[in-house]
Amino acid sequence: MSPILVTGAAGFIGSHTVDQLLAAGLAVSGVDNFRTGRRTNLERALASPAFTLHEADITAGDTLDRLVATTRPAAIIHLAALVSVQESIADPALNYLLNLHATHLVAEAARTHGVPRLVFASSAAIYGDNPAFPLHEAAEKNPISPYGAAKLASEALLLGHGRSFGLTVRCQRYFNVFGARQDPASPYSGVISIFARRYREGLPPTLFGDGGQTRDFISVHDVARANLLAATRPAIPSGATNICTGRATSLQEVVQVFQSHYPHVSPPRRAAPRSGDILHSRGAPEKATAELGFAAAIGIEAGLGELILSRAA
Ligand code: UD2
């Protein structure tokens, strides 16, 4: 059986995607350079004979080309990236290398070796400060960071390859993904990962603003399932869709769920709103349902409950 090749396999979304591919009975080849990915994320996967892990930097020389030539994957799910918006602002050259040049190498390796399908980790960051609510895929793209710009450019590059060379390309515009294995290391990490760590340590989180801001929080399990569908569903067209729930959840609601699990932790501390923050964000989920048969199934309460109870959180 031809494997599915997952780049960034040891990352937050990558490792959950690998787990779901294996659970679906597929062979999986994973590649990661462990720059931000962690081997512990792949503990379950590494116990499976259907999983092969390659420790390599896909931007180095012909590493990726050789990997694709030898593994002959049925699809590539390209999730390897520089994932921090803040880091893309601090180091635009590294952002270019990891978020755009790497995409070009993936597209070229797929073309050269006849890989029929590519799935790409795009982001709601391509919409930038567009205030449309909900955000439909056709909304104007106003990226406000090198990260968002590289994701948008990558989409164009991949879809161009798709049309020129006959590959099926799926660009997955993830909204605010949360779940176990997400790194809470920086103040700019996803808010739920930061809150999960604070509550686990018995400390109140900090709310920037009044907590009325909303986001379209989607469980990483739903995101991994969307990746599985995009990589394996037969006869789908190329395209780009939001990967979101279509529901806006306020930070106050998030805090309430945490408080119900940690009744002894004092209420959040308040701080001034973070400059540059948008107030409300929600994606339109209909196009993903039409093109991939995907609809998010995990609500915020269930998703947070699972995160709080999971040991890996
Ligand atoms: C950021 C990124 C986005 C993506 C996402 C990851 C920008 C412009 N956008 O968007 O690309 O990486 O994060 O989830 O950087 N907050 C608190 N307390 C905290 C941390 C955050 O109240 O300790 C607030 C924050 O001010 C914001 C909301 O929580 O209003 C969500 O913050 P976020 O950083 O998780 O996500 P977002 O959508 O602002």
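**Long-range contacts, cores and a buried strand**

Among contacts in the protein chain between residues at least 6 apart in sequence, 79% join residues at least 24 apart. The model is predicted. Its secondary structure comes to eleven helices and 13 strands. The radius of gyration of the protein chain is 19 Å, close to the 20 Å that the globule rule gives for 313 residues, so the chain is as compact as a globular protein of that length. The C-alpha trace spans about 55 × 45 × 35 Å along its principal axes. Of the 313 residues, 54% count as buried. The chain exposes about 13300 Å², and carbon and sulfur atoms supply 55% of that area.

In soluble globular proteins, nonpolar side chains tend to be buried together. Here the largest nonpolar core has 36 residues. Val 6, Val 18, Ile 243 and Phe 294 have the most contacts inside this core. Two or more residues each come from strand S1 (4–7), helix H1 (12–23), strand S4 (75–78), strand S5 (117–123), helix H8 (220–232) and helix H10 (286–292). H8 gives the largest share, seven residues. Another core, of 24 residues, lies apart from this one. Its members include Val 31, Ile 58, Val 169 and Ala 240.

Ile 243 illustrates the packing in the 36-residue core. Neighbours within four places in sequence aside, Ile 243 is in contact with Gln 172, Arg 173, Tyr 174 and Phe 175. Contacts of Ile 243 also include Ile 218, Val 223 and Ala 226. Ala 288, Leu 292 and Phe 294 complete the list.

Ile 243 belongs to strand S11, residues 239–243. S11 is mostly covered, with five of its five residues buried. In a regular strand the side chains alternate between the two faces of the sheet. Both faces of S11 are covered. Gly 239, Thr 241 and Ile 243 are buried on one side. Ala 240 and Asn 242 are buried on the other. Ile 243 is counted in the largest core, whereas Ala 240 is a member of the 24-residue core.

Strand S6 (residues 168–174) runs parallel to S11, and five bridges join the two strands. Within this pairing, Ala 240 of S11 is the bridge partner of Cys 171. Cys 171 counts as buried, because its relative accessibility is 0%. Cys 244 is also buried, with a relative accessible area of 3%. The structure nevertheless holds zero disulfides. The closest cysteine sulfur to that of Cys 171 is in Cys 244, 15 Å away, and this distance is too far for a bond. For Cys 244, in turn, the nearest cysteine sulfur is that of Cys 171, and Cys 244 is in no disulfide.

Asp 129 offers a view of a loop. This residue lies between S5 and helix H6 (146–165). Asp 129 is partly exposed, with a relative accessible area of 42%. Its contacts beyond neighbours within four places in sequence are with Asn 142 and Ile 144. Ile 144 is 15 residues from Asp 129 along the chain, yet their C-alpha atoms are separated by 6.9 Å.

Note on methods: Residues are numbered from 1 along each chain as its sequence is written. This is a predicted model: local features need pLDDT of at least 70, side-chain atom pairs count only at pLDDT 80 or more; totals for chains, interfaces and linings use all residues. Side-chain values use heavy atoms; hydrogens and water are left out. A nonpolar core is a set of buried Ala, Val, Leu, Ile, Met, Phe, Trp, Tyr and Cys residues joined through side-chain atoms within 4.5 Å. Buried means under 20% relative accessible area, exposed over 50%, partly exposed in between (1.4 Å probe, protein chains only). Helices (H or I, at least four residues) and strands (E, at least two) are DSSP runs, numbered from the N terminus. Contact means heavy atoms within 4.5 Å. Two strands pair if DSSP finds at least two bridges between them. A disulfide is a pair of cysteine sulfur atoms within 2.5 Å. The radius of gyration is taken over C-alpha atoms; the globule rule is 2.2 Å times the number of residues to the power 0.38. Accessible areas come from the Shrake-Rupley method with a 1.4 Å probe; for residues, only the protein chains shown count as cover.
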